[in-house]
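Here are a few notes to help you find your way around this one. Keep the viewer open as you read, and take the points in order.

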Amino acid sequence: MTAIDGLDRLEAPALWRPEAGGQRQDVYVSMGEAELVIQDKAGTALTHWSLPALIRLNPAKQPAIYAPSDGSDEELEIEEIEMIAALDRVTDAVEKGRRRPGRLRRVSTGLVIGLAAGFALMWTPGALRDLAVNVMSLPAQAEVGDRMLAEITKLTGPTCATPIGTEALETLKTRLLPLRQARFVVLRDLPHPVLALPGGLYAISDELLVTQDDPELVAGHVLAASLVAGPDGPLRTLLADLSLLDLIRLMASGHVSEAALTDHSETRLLSEPPAPDAATLRPGFAAARLGWDAYAAAQDLHIPPDAPPMPPAMDDTTWQALREICDG
C-alpha cells in the first residue's frame, strides 16, 4: 500500500471497544501492508481491520479514535504519536483517492470490471467460484471470516474471553491443528456445537463447554468440524451463496458486499450442519492423535473394539479454564 511505503511494521498499545456500549479492552495493534491486527496481551489476534477501509472519528484530536468502516460500532483509541501519524497517512491517502480518482484509476477499474465480466460470460459460475478460491489471499479470507463473525455476534453477543480461558483456547488449537493457520473463539447461544468460517476461524458454542464435562468430546466436535470443512470449505460455501453479480464484484474488487455477507451468515446459523461420516473422520482423528470413542458415541458412529489409546485432549486445569471462558 503506497500510503505506508517506507514504514516498518508498527506496533502500539491501544484501547479497543468491540461493540457499542461494550467495555473497552487493553490491546496491542500492529500494522502491516494492508491490515491492522488487534491482539490481546497474549498475542492472540482478536480481529483484523482493513487499512483502506479505516476511518478516523476525531480528526486532529488526541487520543485518536478509529473505526474499521463507516457505521461500525467498533472503536480503537490510540495515543502513540508514531502509530497515529502512520494511520493518518493511510486515511489521508484513501480520502485523496476518493476525491480525485483520476483518469488512470477509472480506466484501470473499468478494465478490471470488464475482465471480470468477460470471465463471467466465458466461464460457468462454478469455474468463477473455483478461481475466486484460488486467488483470494489468506488475509482476505480471514477478513471475510471476521466480518461473518461480526454479523453472527449481533445475534449471539460478543465472543467470550478471559485471560486463562483464551490461553486454554490457544492450547486446544495447537493440540488439534498445530500446522494450520486457525483461530478459535467461543460464543454464547450459538445454535451449532462448532461453526467453521472462512479464513480458518472456528466458533465454538459455550453450551458445548458447559453441558459436556468431557474434554475429549468437545475436542472431537472441534476437530470434526475442521475435517468436514477442510481448508476451503467455508469459503466455497459462501461463494456458492453469492449471485453472479456478487461474484463479478468479488473478482473485480476482492470485496464481498455487506448484504450478501449478512444473508449468508444468517443462512449458516439456520442451516443444519453436515452429517458426520466415520470413514472421513477417523483418519483425521488418528492423525491428530485424538480419542475417537467419546465423539463417536455421542454421534452414534461405529466404535472399533481395538482402538488404540490416545493422549488426552487437554489437562484438567486447561479444561476448567476453557469451560469458564464465558464467566469473565
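1. How many helices and strands are there in the protein? The count comes to 13 helices and ten strands. Bear in mind that you're looking at a predicted model.

2. Some whole-protein numbers to start with. The protein has 328 residues, and 45% of them count as buried. About 17,100 Å² is exposed, with carbon and sulfur atoms supplying 54% of that area. As for contacts with a separation of 6 or more, 56% are between residues 24 or more positions apart.

3. Now the sheet. Seven strands make up an open sheet with antiparallel pairing, and its order reads S4-S3-S2-S1-S7-S6-S5. At the edges you'll find S4 (45–50) and S5 (55–56), each of which pairs on one side only.

4. For one pairing in detail, try S2 (residues 25–31) and S3 (residues 35–39). These two strands run antiparallel and are joined by four bridges. If you want a spot to zoom in on, Val29 stands opposite Ile38 in S3.

5. The loop between S5 and S6 deserves a visit. Pro63 sits there, just ahead of S6 (64–67), and the peptide bond leading from Gln62 to Pro63 is cis, with omega near -10°. Ala60 is in that loop too. Ala60 isn't a glycine, yet its phi is positive, about 70°. Is Ala60 buried or exposed? Exposed: its relative accessible area is 79%.

6. Another positive phi turns up at Asp300, about 60°, and again the residue is not a glycine. Look for Asp300 in the loop between H12 (293–298) and H13 (316–323). Asp300 is exposed as well, with a relative accessible area of 71%.

7. Last stop, the second largest pocket. The space in there is about 550 Å³. Its lining counts 23 residues, of which Leu138, Gln181, Ala182, Gly199 and Gly200 are the closest to the centre. S4 and H4 (138–156) are the elements that give two or more residues to this lining. Which element gives the most? That's H4, with four residues. Sorted by class, the lining has ten nonpolar, eight polar and five charged residues.

8. To tie two points together: S4, an edge strand of the sheet, is also one of the elements that help line the second largest pocket.

Note on methods: Residues are numbered from 1 along each chain as its sequence is written. This is a predicted model: local features need pLDDT of at least 70, side-chain atom pairs count only at pLDDT 80 or more; totals for chains, interfaces and linings use all residues. Side-chain values use heavy atoms; hydrogens and water are left out. Two strands pair if DSSP finds at least two bridges between them. On a 1 Å grid over the protein atoms alone, a cavity is a set of points where a 1.4 Å probe fits but cannot get out, and a pocket is an open set with protein on both sides within 12 Å along at least five of seven lines; lining residues have an atom within 4 Å of a point. Grid points are joined across faces, edges and corners, and a volume is the space filled by probe spheres set on the points. Ala, Val, Leu, Ile, Met, Phe, Trp, Tyr, Cys and Pro count as nonpolar, Asp, Glu, Lys and Arg as charged, and the others, Gly among them, as polar. Buried means under 20% relative accessible area, exposed over 50%, partly exposed in between (1.4 Å probe, protein chains only). Contact means heavy atoms within 4.5 Å. Accessible areas come from the Shrake-Rupley method with a 1.4 Å probe; for residues, only the protein chains shown count as cover.
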